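Work through the exercises below with the sequence and the model at hand. Each task is followed by a solution in steps.

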Number of protein chains: 2
Amino acid sequence: MVPRGFRFSVAEAAIKRPGRNDLALIYSETDASAAAVFTSNRVKAAPVRLDMKQIRSGKARAVIVNSGNANAATGERGMRDAREMASLAGKWLGVPEGLVYVCSTGVIGVALPMDRIRPAIRKLAEGHGRASLEEAARAMMTTDTFPKLSWRKVKMGSRTGLVSGICKGAGMIAPHMATMLCFMMTDMAVDSGALKSALREAVEDSFNSITVDGDMSTNDTVIAMANGMAGNSVLTAGSRHFGAFKRALSEVAAELARMIVRDGEGATKLIEIEVSGAKNGAQAKKGAMALANSLLLKTAIYGEDPNVGRVMAAIGSSGIEMDEKKTDVFIGKVRAVRKGVLVGAEREARKELKGGEVSISVRLNSGSGRARVLTCDLTEKYVRINAEYTT
Amino acid sequence: MVPRGFRFSVAEAAIKRPGRNDLALIYSETDASAAAVFTSNRVKAAPVRLDMKQIRSGKARAVIVNSGNANAATGERGMRDAREMASLAGKWLGVPEGLVYVCSTGVIGVALPMDRIRPAIRKLAEGHGRASLEEAARAMMTTDTFPKLSWRKVKMGSRTGLVSGICKGAGMIAPHMATMLCFMMTDMAVDSGALKSALREAVEDSFNSITVDGDMSTNDTVIAMANGMAGNSVLTAGSRHFGAFKRALSEVAAELARMIVRDGEGATKLIEIEVSGAKNGAQAKKGAMALANSLLLKTAIYGEDPNVGRVMAAIGSSGIEMDEKKTDVFIGKVRAVRKGVLVGAEREARKELKGGEVSISVRLNSGSGRARVLTCDLTEKYVRINAEYTT
C-alpha cells in the first residue's frame, strides 16, 4: 500500500498535550512532481500561505504535518514558525527547504510550541522510514476516531503503479474541504501540469462534495506527489495510461472523503444526497449542498423520521431554479413526494432510514444537471464534542 | 395593547392533536389597508400562494391562522382547502372572502382535517371578540415556549395610535423569515403603499436579521393591517407622523424578532453578532449571517468557550471581502483578536460568555458597512426537539 520511494516517520512534540505522536513526516527519496489544492477561506493558516508559494515550483520532496495546533491567526510569528519548520526539516533531511511542505491542524490562534517542535523535527528527519503509512495517518488525527487510508493499483502495460492517500478530518467539513488534510502519493511519473488537473478533478468529486457541518477551515490542504519510481515514462494529459491514473486518484480521494463523513463528529448515519434533473450540474450541486447542510433534515434523519417536508423546504430555499409541481423525492427506494405532493408513504419511508447508510434523492425533472453529496446526521454528540473542544 | 377595532377569537379543531386551541381569528371591524411580506422559498404553502394573490388589493378584513399543519406540499387539495378556509370565514363573518387571509404553520405534507376545521371556523367567526390578543398568539404556537406580543404607542398631535404585533416562531428561523408568522395591527390610518414600504423596512432589520438554524420555511408570512380607527388623516410617505409610525412598526417587529431568537429551539443564550467596517452593508450582513449560522461557533458559545479561531474561520469563509491583517474581534467588551492575531485574552473573554446574552463583534476596518444579526446557541436540546418532531 506504500508507493515505492515514500518513507514515513512520526514523533511526539506534546503540541497540545503529551502522550501521543503529533508530528508526521512524508518523505520521497527523489524529487516528486507535485500539485496541491488549498482552502478558499480568506483567513489562511501560516503553513497554507507558505505552501501556496512553494507549490509554484511543481515539485516536492517532503511534507511535515502537525496536529494539535493549526498555526492560524498567529500573525508574523506564525509565518516565522512555519518557515522554520520547513527549514529545519530540509536541513536534517538534506533537501532544499523550498521542497518541504508544512501542514498544521488543530486549535486556531495559539502559537506553536517551537521549543518542543525543533528537536522533534530532527528526530522525524533522522528516523524517516521507521513509521508505517498508518502511523503517519494516525499522527495527524484531531477529533478523528480512526486513521484514514486508501490506495489503488494502476496497470501500465508490464509496469504497475500505486496511488495511495491518507487524510484526516471529522468536523468542520464543508464544501471546499474544511479542516482536512490529505496527502496523495504515487510512484508513477506524472507531469506536474497533468497532476494538477487530475487532482482538481478528483477533489471536486470527493472533498468538495462532502459536508459535515458547513464550516470551512483555515488549513485545508490536499497535496499530491508523484515520484516516478515505478519507472514509467512521464504521464501527460494525452498519455495512454493517464486515464487510469486519474481514475485511481479519484477513487482514492472519494474513498477518503467517504471515510471523513463516516467519521463525522457524533454521526450515526452516512447520508447520500442526490439531486437530479436540475438545470445544470452547478444548480444540482447547490441544491444537494443545501439539503446536506439543513440542520432540520440532518436531525430528522438522526431521529429516523422521514420528514420529507423538510426536504421540500430545504430544496425550495436553496436558491436554485425548480418547479415544486415537477419535484419527486425518494427516501431510499421509496417515493415519498410525487409532483410536489407528499404521497403518505411514511411507514415504508421510515424503514429506509434504519441502518448506517441512507439516501435521499430529489428529482427536479427540469434538466440534466445531477450531483451527489455525502453528509451525516446531526446528533447531540456533535454538539457536545464542539461545545467542549478547546476547554 | 389592542388597537381599536381589532377583535380576536380562538377555537380547537384538533388539527394535530386535541386539547388546545389551534385556530385563531384576527378581525378588523372595518376594512383595513394591508401589506404583507412572504417567504422567498420556491416551495410555498397553499395559504401563502392564496395570500400573495389577495394582497394585491392592498386591503384586509381578517386573518385566520392554524397551527399543527402547514398545508404545504399538499398539491391541488391544499389550494382548495386554503380557499375554503377563506371562503367559510368570509361567509360567517359577512365579509368578502378576498379580504380574508389564511396562514398555516406546522407539519408539511399532510392534508388539513377539513371536517374538523369547517365547524371550528364558524365558531371562530361567531365568537370574534371573545379571545384576548395573547390567546390568539398562543393558538398559533408550534414549538414556541411562550406567546410573543409587542406594542408601541404613537403620538400624532392630540391623537394617539397604537401599533401591536403578535408572532410565532422558534425553529427553522433563517434569513428571510423562516417558519414564522407575524401579524401587525394598527388603528392608525395608513395608505397601503406607505404601509408596504414601512413594513419592508421593518422586516429587513428584524425578521430578516435573525437566524436560529439557517433553514427557511415554506409558510413565512408577515401581514400588517391599518384600520384607521384612531381617526387620524391617512398617513402617506410624506406625512408628518409617518416617521413615528415607521419607528413604532420597526420597534415592534424588532422586539418580536428578538423574542423568536430568545425562544430558539433548545437555546440557552441570545447571541448578538455585529460585523462592521465591511465594504458595504450587504457584505456586512452576509458576514454576520455566516457567523450566526456557523455550527462550530454556536456550539462553542453554548459551551462558553471563547473560541475566536472559529470566528476567524467563519468570517473568512463567508465569501465577503476582508483582510485578515486588519481584522479585530471582540467577545463582549474584550478584544480577543487584534489585526488578525489572537491576543490571548481567553480568561477575560470566557467571562463575557457567561449569562443569557452575549455579543460577538467583528471589525473588518475596510469600509463603513455595518450589520447586526441575532441568533442563539446550538444545544443538544435543539437536536432532540428536531429529531423527534413528527414522530
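**Exercise 1.** Place A11(B) in its chain, decide whether A11(B) is buried or exposed, and find what A11(B) is in contact with beyond its neighbours within four places in sequence.

Solution. Step 1: A11(B) belongs to strand β1 of chain B, residues 6–11; strands are DSSP runs of E with at least two residues, helices are runs of H or I with at least four, and both are numbered from the N terminus. Step 2: the relative accessible area of A11(B) is 5%, and buried means under 20%, exposed over 50% and partly exposed in between (1.4 Å probe, protein chains only). A11(B) is therefore buried. Step 3: with neighbours within four places left aside, A11(B) is in contact with N21(B), D22(B), L23(B), A120(B) and L124(B), where contact means heavy atoms within 4.5 Å. Step 4: for N21(B), the separation from A11(B) is 10 residues in sequence and 5.0 Å in space, C-alpha to C-alpha.

The model is predicted: local features need pLDDT of at least 70, side-chain atom pairs count only at pLDDT 80 or more, and totals for chains, interfaces and linings use all residues. Residues are numbered from 1 along each chain as its sequence is written, chains are lettered from A and ligands numbered from 1 in the order in which they are written, and side-chain values use heavy atoms, with hydrogens and water left out.

**Exercise 2.** Find which side chain T105(A) joins in a polar contact.

Solution. Step 1: T105(A) sits in strand β4 of chain A, residues 100–107. Step 2: its relative accessibility is 1%, so T105(A) counts as buried. Step 3: the side chains of T105(A) and K168(A) are joined by a polar contact of 2.8 Å. The term stands for a pair of N or O atoms within 3.5 Å; within protein, one must be able to donate a hydrogen and the other to accept it, and residues adjacent in sequence count only if both atoms are side-chain atoms.

**Exercise 3.** Describe the surroundings of L149(A).

Solution. Step 1: L149(A) is part of strand β5 of chain A, residues 148–156. Step 2: a relative accessible area of 14% makes L149(A) buried. Step 3: apart from neighbours within four places in sequence, its contacts include M1(A), L133(A), I166(A), L256(A) and M259(A). Step 4: R310(A) is 161 residues from L149(A) in sequence and 35 Å from it in space, C-alpha to C-alpha.

**Exercise 4.** State how many residues each chain gives to the contact between chain B and chain A, and how many salt bridges are counted there.

Solution. Step 1: chain B gives 51 residues and chain A gives 51 residues. Step 2: the buried area is about 4,400 Å², with 60% from carbon and sulfur atoms; this is the accessible area (1.4 Å probe) that two parts lose on being put together, summed over both. In chain B, R42(B), L295(B) and L296(B) lose the most area to chain A, together 14% of what that side buries. Step 3: two salt bridges are counted between the chains, each a side-chain nitrogen of Lys or Arg within 4 Å of a carboxyl oxygen of Asp or Glu. A salt bridge links E380(B) with R384(A), with the closest N and O atoms 3.9 Å apart. Step 4: the interface also has 10 residue pairs in polar contact, both residues at pLDDT 80 or more.
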